[in-house]
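Subject: Handover of a two-chain structure

Dear colleague,

Please find below the sequence and structure that I am handing over to you. My findings follow directly after it.

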Amino acid sequence: MTTTYVLRGVRPLGGDPADVVLAGGVIADVAAPGAASVTDRDAAGAPVDVVEIDATDHVLLPGLVDLHTHLREPGREDAETVASGTRAAAAGGFTAVHAMANTSPVADTAGVVEQVWRLGQEAGWVDVHPIGAVTVGLGGERLAELGAMADSAARVRVFSDDGKCVHDPILMRRALEYVKAFDGVVAQHAQEPRLTEGAQMNEGVVSAEIGLAGWPAVAEEAIIARDVLLAEHVGSRLHVCHLSTAGSVEIVRWAKGRGIDVTAEVTPHHLILTDDLARTYDPTYKVNPPLRTAADVEAVRAGLADGTIDIVATDHAPHTREDKDCEWGAAAFGMTGLETALAVVQDTMVDTGRMTWSDVARVLSSAPARIGRIDTGAAPQGRPLEVGEPANVVLVDPSATRTVDARAQATASGNTPFAGRELPGRVVATFLRGRATVLDGAPVAAPAGSSAGAPTRGGHR
Amino acid sequence: MKHLLSTADLSKDDALLLLDTSAQMAATQSREIKKLPTLRGRTVVNLFYEDSTRTRISFETAAKRLSADVINFSAKGSSVSKGESLKDTALTLHAMGADAVVVRHWASGAPAQLAHAGWLDAAVLNAGDGTHMHPTQALLDAFTIRRHLVGLRGGGADRDGVGSDLAGLKVAIVGDVLHSRVARANVRLLHTLGAQVTLVSPPTLLPVGVEAWPCRTSYDLDATLADWQPDAVMMLRVQRERMSGGSGAFFPSPLEYTRYFGLDGRRLALLPEHAIVLHPGPMNRGLEISAEAADSDRAVIVEQVANGVAVRMAALYLLLAHTEAAHTEGTSL
């Protein structure tokens, strides 16, 4: 039997209270409080369960879409699996994630991206959209078979060597040109490799004092400047991953002013944390690009508020304990983020009055879905909260607070930089095409064989 | 003081206590019987992840002169080289009952992790971590400077300058500041003790962010020596690998480095009469310091080595025995 959910008194996008009905996999009704029409029969006349949820003062957002998630499978199932990572995503309010290509083997063939896509389907927590590698083995030497990945069942549209920069300018040019054939986008990890050899943290006052090798802002900015000019020259689409410096914001602002087709993301951690945390030498705070200065944090907040930065993407990067419980210089880069992203955005952007909930829906749902080209097609994401749209929604209690407990998280890894920190807001429920993946703040296992109800998509160009 | 991790953690009182205790320790080292019973029954582990024979034997000598049991745990020939984690090594040392761990590590911050991660409860002495800190080196440098420029020169009753800080003294630190834990440790300690510091280095070997340090910087050694007239000049060792690496080399050639930043007889003559020359060793004669400068009577380089033992005795004593001694009337060295 299917379930109809009636969200009573909820505030869509933080607006006026309404009753919202999720039935038959879609948003069936949006009505004045108390006025929603609910039947206990579906369109075919079969009986349905009706579950009423008192959502007074809760905010309804479209299901969140992450353009930058490391699910680690295949290869590093000891850190995360598609199942555990997507469960964490659902707990964080996501209904779709883009899985980065730096797995083992690398997602640089149709076979690997289809495997990841299939694992996502089987897990059923969120839609998993694999990102394809730009170059074979992330080697930065020759193009991977981008067309085959685009044409596969996974229908890849986002290509990235994330973790490594496509630094060879002619290779980057070719990639930007090539993906135009299937409306793809190259998501660049902007890091000039020679300027960052052995780099451990942001280069500045703190690195000078504590003696860790510096990762200068110019190493990011120089690549972004080059890439926006290349994108302009060949008339292609560029996406800048995890932009982290004030100078990067300026360059993207300039490029957009020129009409260049560039989009940019910022991570939650770059919106809130600074390089001062490196003074602890706790590798939990070791991340790439590194935590920057307070001035950079202010610049990325301003850039997100004024639209220069299009989206927030988590760069959720789970790591095993042994890869973090060691010397800073020996530790892996990265921190988890799926289960804290929305709270950090609320804390830094909403509660400070810099953005509305409608803006949150844009930067965490509609814009990333549009960049990934998953806003149309058989299982669209990032859609408006309107009758007839797929019931991909997240119910948030913005007045709740919680203290982050690494061990209580759904991710298989414990490397959250927010452990012990109090953050605002709570994901109460997440719905994927009308099915609850999270209820009362807890993940709800999918019924066996449900396969999340996602229609199978054939390859087509 | 529970640990000695960074000179940035030391108050002026802490620093003076360390230097004054070092003076007492140094005095015992001119006795016929140099060994003191102070740390009898205590275990000091030298945990060395980098080769450093001179620092290790200095700590070993210091611990043995205080009658501690010393265990040398080297990264070579132990489970470390087979990839044991710092954490497991720390847990092992804890289980063996180490009272103090003297750690030299290639990773900046490793001693701080040992001290604060909850893996062991021993006192941690930083014997040099990455490009971060080398507190006992800075202390022995300050001790040597004080002895020569406050004690002996002051002509007072106390030739070690006990009780005095370094107010008014000018110290030039010359060379590869970027990669130097010795420079970082000295800048903080000398500032705390009231001295003025000028770092002299090619621009490529000064860190971005140095502007926040409590010191001046210069690219011009001749001008610094002639115009600023430092009371002490500390030459830093230049690692050979800084000149290689092709396009990433930090300066064009050893000859050019020596031409602009090497201390030789001509530059020595620019210094005031009383000025002293320090070097943490080991020296590259002919690169950052000429034989003439290294062997001149201004050079106190060999004395630095002797003072290193006294300073490390003081550090071990203060971390391991001081609190007990404070309650035992009449305890003397």
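Helices and strands are DSSP runs numbered from the N terminus, a strand having at least two residues. In those terms, A:H68 lies in strand β6 of chain A, residues 64–69. Please note that the model is a predicted one.

**Annotated positions in chain A**

A:H68 also appears in the UniProt record, where an unreviewed entry carries the annotation "binding site" for A:H68, A:H70, A:D162 and A:D315. These positions are spread over 248 residues of sequence, yet they cluster in space, with a largest C-alpha distance of 9.8 Å. The record, again an unreviewed entry, also gives "domain: Dihydroorotase catalytic" for residues 58–245 of chain A. Over residues 58–245, chain A is 34% helix and 18% strand, and the C-alpha atoms at the two ends are 34 Å apart.

**Domains of chain A**

The domain assignment divides chain A into domain 1, made up of 3–60 + 387–409 + 418–447, and domain 2, covering 62–371. Taken over C-alpha atoms, the centres of these two domains of chain A are separated by 28 Å. Domain 1 of chain A brings 21 residues to the contact, and domain 2 of chain A brings 25 residues. On the domain 1 side of this contact in chain A, the elements that give two or more residues are β16 (393–403), β17 (422–432) and β18 (435–439). The largest share of that side, six residues, comes from β17(A). By class, the domain 1 side in chain A has 15 nonpolar, six polar and no charged residues.

**Helix packing in chain A**

Two helix pairs in chain A may interest you. In general, two packed helices are described by the angle between their axes and the distance between the axes.

The first pair is helix α1 (residues 82–91) and helix α2 (residues 110–123) of chain A, whose axes come within 9 Å and cross at roughly 60°. α1(A) and α2(A) are therefore oblique to each other, and their crossing is right-handed. From α1(A), residues A:V82, A:A83 and A:T86 meet A:V116, A:L119, A:G120 and A:A123 of α2(A). Sorted by class, the residues of this contact between α1(A) and α2(A) are five nonpolar, two polar and no charged.

The second pair is helix α9 (residues 341–350) and helix α10 (residues 357–371) of chain A, which pack at an angle of about 135° with their axes 11 Å apart. α9(A) and α10(A) are therefore oblique to each other, and α9(A) passes α10(A) in a right-handed crossing. Here A:L342, A:V345 and A:V350 of α9(A) meet A:W357, A:V360 and A:L364 of α10(A). The contact of α9(A) with α10(A) has six nonpolar, no polar and no charged residues.

**Contact between the chains**

How many residues of chain A are in contact with chain B? There are 19 residues of chain A in contact with 20 residues of chain B. Helix α5 (residues 205–210) of chain A supplies the largest share of the chain A side, five residues. The chain A side of this contact divides into nine nonpolar, five polar and five charged residues.

**Domains and helix packing in chain B**

For chain B, the domain assignment gives domain 1 (7–133 + 306–326) and domain 2 (135–305). The centres of these domains of chain B, taken over C-alpha atoms, are separated by 25 Å. In the contact between them, 27 residues of domain 1 of chain B touch 26 residues of domain 2 of chain B. The elements giving two or more residues to the domain 1 side in chain B are α1 (12–28), β4 (123–129) and α11 (301–320). α1(B) gives the most to that side, with nine residues. The domain 1 side in chain B has 13 nonpolar, nine polar and five charged residues.

α11(B) also packs against helix α2 (residues 53–65) of chain B: their axes come within 8 Å and cross at roughly 55°. α2(B) and α11(B) are therefore oblique to each other, and α2(B) passes α11(B) in a right-handed crossing. The contact is made by B:S58, B:F59, B:T61, B:A62, B:A63 and B:R65 of α2(B) together with B:G308, B:V309, B:R312, B:M313 and B:L316 of α11(B). The residues of this contact between α2(B) and α11(B) divide into six nonpolar, three polar and two charged.

With kind regards

Terms used. Residues are numbered from 1 along each chain as its sequence is written. Chains are lettered from A and ligands numbered from 1 in the order in which they are written. This is a predicted model: local features need pLDDT of at least 70, side-chain atom pairs count only at pLDDT 80 or more; totals for chains, interfaces and linings use all residues. UniProt positions are given in the numbering used here, feature names are shortened, and annotations may be inferred rather than shown by experiment. Helices (H or I, at least four residues) and strands (E, at least two) are DSSP runs, numbered from the N terminus. Axes are lines fitted to C-alpha atoms, for helices over the stretch in contact, and angles run from 0 to 180 degrees between N-to-C directions. Angles under 35 degrees count as roughly parallel, over 145 as roughly antiparallel, 65 to 115 as roughly perpendicular and the rest as oblique. A crossing is left-handed if the near helix is turned anticlockwise from the far one by less than a right angle, and right-handed if clockwise. Two residues are in contact if their C-beta atoms, placed from the backbone, lie within 7 Å. Ala, Val, Leu, Ile, Met, Phe, Trp, Tyr, Cys and Pro count as nonpolar, Asp, Glu, Lys and Arg as charged, and the others, Gly among them, as polar. Domain bounds come from an automatic or database domain assignment.
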